[in-house]
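Colleague: Please take a close look at the aromatic rings in this model. Then go on to the helix packing and the individual residues around them.

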Amino acid sequence: MGDSVLIAGAGPVGLVMAAELRRYGVPVRVVEKEPKADEQSRALFLWTRTLELLARGGATPALIEAGEKLTASNIYSGKTLIGRLDFIGIDSEYRYAVLLPQARTEAILEAHLAKLGVDVERGVELSGFTSDDHGVTVTLTHPNGKAEALRAAYLIGCDGGGSIVRQSLGITSAAAPHRSAWYIADVELQNCPFARNEFYSFWHEGGFMSVLPMPGGLFRIIASAGRKGGFAPGTPPLSRIQDILDERGPGGITAVNPAWLYAFQVQEQNLASYRKGRVFLAGDAAHVHNPVGAQGLNMGIQDACNLAWKLVYALRGAANAELLLDSYTIERQAVAERVVANLGRAAQAATVRNPTLQFARNLLGNIYFGLAPGRRQAAETITEVSFSYDHSPINGIEDHALPGPQPGQRVAQKPGETPFGAGNAPRFALLADPSPGVNRLREQFPSLLEDELRPPLSPRCVWLVRPDGYVAAMSLREDADLIAEYLRAYTSQL
Ligand SMILES: Cc1cc2nc3c(=O)[nH]c(=O)nc-3n(C[C@H](O)[C@H](O)[C@H](O)COP(=O)(O)OP(=O)(O)OC[C@H]3O[C@@H](n4cnc5c(N)ncnc54)[C@H](O)[C@@H]3O)c2cc1C
């Protein structure tokens, strides 16, 4: 068994999970039950935070090269602009989202994984497993029907919304799942007022609608089914999409030449736990969101980046292995919960029916988005850079008297700077000027810390930054020994 990890599912999340573990030297196998890659263009966006995290393993340039940049989001009520969020003000190297159909994203991630020496085993299905304190015994079914028994240290279910791993574990949603109904239409738009590098959301009492640019001159319309009734899963008539466009949009636009028309239901849920012993869930297997915020794929990729480095430390026998692995659920579940709450609030605000409330909503929206801090906060939420792990059990002690980001918060990187967690070992970065205490740290923990110091965010303090770019611990420069106490938890017990 050794220290191998089995990943079930080669969607975007499984592919990133495998690449993250592999570049850190963990033997992985990725099995995918479908013989051929999925060609549906489900998710279209890679948000800023996802680009930052994928840059650590080197996948981001190819994704940017293949996609188009999206630089702003607009919120309308009919013809009235309520707010415009420009991503240019985000504190990141990537002040945009990348527009790239999911099939292309997956192809690039799979090629990236192949360069790391791992080929996806297609047509191979995870058909069952049992786990114990020391590992997982997995049954795989090959295309010729042959069964293979495999022993691995960990199993990660990246097997999507219908996850067999989740069902076998019997983990249920933290809150009652919420079912919602949606239309997607990839169409050409005649008399189109929309820019090709921005996206548009329309708030309307009949339901929510977004219009997003797509490669090839198309636009994607995503719309909630709304209150009118008559919803049926499958292929809706184009006339239904046209009705929605007329009702909720600015008017005068005609949808023609559909490339894809789809009516579907989403069972929105967020599991109570993403872990049971040596089995983990990531991506849609752990949480499913409605398509309004275009967050599902991005959230899943960020799950993988959160879990991978922790698994490496657990495999190495870190003193705090159990806490580290438990922190995966605690951190990511809270973020998924926040996304659900944000989308719920947005949907509520978008669809109020009372004209007085609509007037108040538009006025408040104008005021909020008219102010730079409001615009910035909203842009940082959409692009996911404001996600943080404020209540994580692996956070060092907070000290709000100190400047800069606190434990659990993301550290923004300067353009061109080597990403945190880059390279072939999940090392922590030390942001500090040299001092006797800081030098002692470097001598004590050479394999846990990056070789070089990085510039501090303030000369008074030392920041220890996790391999996924969040503050682990911080102290005053003269108290750098506090950081040593923190790092001891990551040393081997073996
Ligand atoms: C119509 C639609 C539109 C969407 N639009 C957006 C959007 O705009 N933005 C966004 O971020 N998200 C969007 N999403 C969500 C996004 O597509 C998902 O969040 C994303 O695909 C999740 O990735 P995943 O790897 O977790 O799961 P999946 O992509 O579902 O991949 C799971 C993989 O596991 C495989 N598998 C399943 N069971 C087994 C097994 N037993 N053994 C081996 N392999 C198995 C499956 O074949 C599949 O390839 C949309 C989803 C839908 C349905």
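Modeller: What follows goes from the ring pairs to the helices and then to single residues. The model is predicted.

Start with the aromatic pairs. The count comes to 24. One of them is Phe45 with Phe199. Their ring centres are 5.4 Å apart, and the planes make 35°. That pair is tilted: the angle is neither under 30 degrees nor over 60. Phe45 belongs to strand β3, residues 45-46. Phe199 belongs to strand β14, residues 198-202. The two are 154 residues apart in sequence, so the pair ties together distant parts. Both Phe45 and Phe199 are buried.

Now take Trp47 and Phe87. Their ring centres are 6.0 Å apart and their planes stand at 80°, so this pair is edge-to-face. Trp47 sits in the loop between β3 and α2. Phe87 sits in the loop between β6 (80-86) and β7 (97-99). The pair links parts of the chain that are 40 residues apart. Both Trp47 and Phe87 are buried.

Rings also gather in a group. Tyr76, Phe194, Tyr200, Phe202 and Phe219 make up one aromatic cluster.

Two rings carry a charge above them. Over the ring of Tyr154 sits the charged end of Arg278, 4.8 Å from the ring centre. Over the ring of Tyr313 sits the charged end of Arg316, 5.2 Å from the ring centre.

Next, the helices. α2 packs against helix α7, residues 296-315. The angle is about 35° and the axes are 10 Å apart. The crossing of α2 and α7 is left-handed. From α2 come Arg49, Thr50, Leu53 and Leu54. They meet Asn298, Ile301, Gln302 and Cys305 of α7. By type, the residues of this contact are four nonpolar, three polar and one charged.

Helix α6 spans residues 238-248. Its buried residues are Arg240, Ile241, Gln242, Ile244, Leu245 and Arg248. Two arginines and a glutamine are thus listed as buried there, alongside Ile241, Ile244 and Leu245. Strands are among the cover over these residues: β13, β14, β15 (209-213), β16 (219-224) and β17.

Arg248 also gives a distance across the model. From its C-alpha to that of Gly117 is 49 Å, with their positions 131 residues apart in sequence. Gly117 lies in the loop between α4 (102-115) and β8 (121-122). Its relative accessibility is 63%, so Gly117 counts as exposed.

Two asparagines have notable backbone angles. Most residues other than glycine have a negative phi. Asn191 has a positive phi, near 60°. Asn191 is in the loop between β13 (178-190) and β14. With a relative accessible area of 60%, Asn191 is exposed. Asn257 has a positive phi too, of about 45°. Asn257 is placed in strand β17, residues 254-270.

Then there are two buried loop residues. Arg466 is in the loop between β22 (461-465) and β23 (471-476). It is buried, at 0% relative accessible area. What surrounds Arg466? Leaving aside neighbours within four places in sequence, its contacts are Asn306, Trp309, Lys310, Glu331, Tyr389, Ser392, Ile394, Phe420, Phe428, Val471 and Ala472. Asn306, Trp309 and Lys310 fall within α7, the helix of residues 296-315. Val471 and Ala472 fall within β23, residues 471-476. Arg466 and Arg427 are 39 residues apart in sequence, yet their C-alpha atoms are 7.3 Å apart.

Ala285 is the other one. It lies in the loop between β19 (279-281) and β20 (287-288). Ala285 is buried, also with a relative accessible area of 0%. With neighbours within four places left aside, Ala285 is in contact with Gly157, Asp159, Gly160, Gly161, Ser163, Arg166 and Leu271. Ile156 is 129 residues from Ala285 in sequence. In space the two are 9.9 Å apart, C-alpha to C-alpha.

How values were computed. Residues are numbered from 1 along each chain as its sequence is written. This is a predicted model: local features need pLDDT of at least 70, side-chain atom pairs count only at pLDDT 80 or more; totals for chains, interfaces and linings use all residues. Side-chain values use heavy atoms; hydrogens and water are left out. Rings of Phe, Tyr and Trp (its six-membered ring) pair if their centres lie within 6.5 Å; planes under 30 degrees apart count as stacked, over 60 as edge-to-face and the rest as tilted. Helices (H or I, at least four residues) and strands (E, at least two) are DSSP runs, numbered from the N terminus. Buried means under 20% relative accessible area, exposed over 50%, partly exposed in between (1.4 Å probe, protein chains only). A charge sits over a ring if NZ of Lys or CZ of Arg is within 6 Å of the ring centre and within 35 degrees of the ring normal. Axes are lines fitted to C-alpha atoms, for helices over the stretch in contact, and angles run from 0 to 180 degrees between N-to-C directions. A crossing is left-handed if the near helix is turned anticlockwise from the far one by less than a right angle, and right-handed if clockwise. Contact means heavy atoms within 4.5 Å. Ala, Val, Leu, Ile, Met, Phe, Trp, Tyr, Cys and Pro count as nonpolar, Asp, Glu, Lys and Arg as charged, and the others, Gly among them, as polar.
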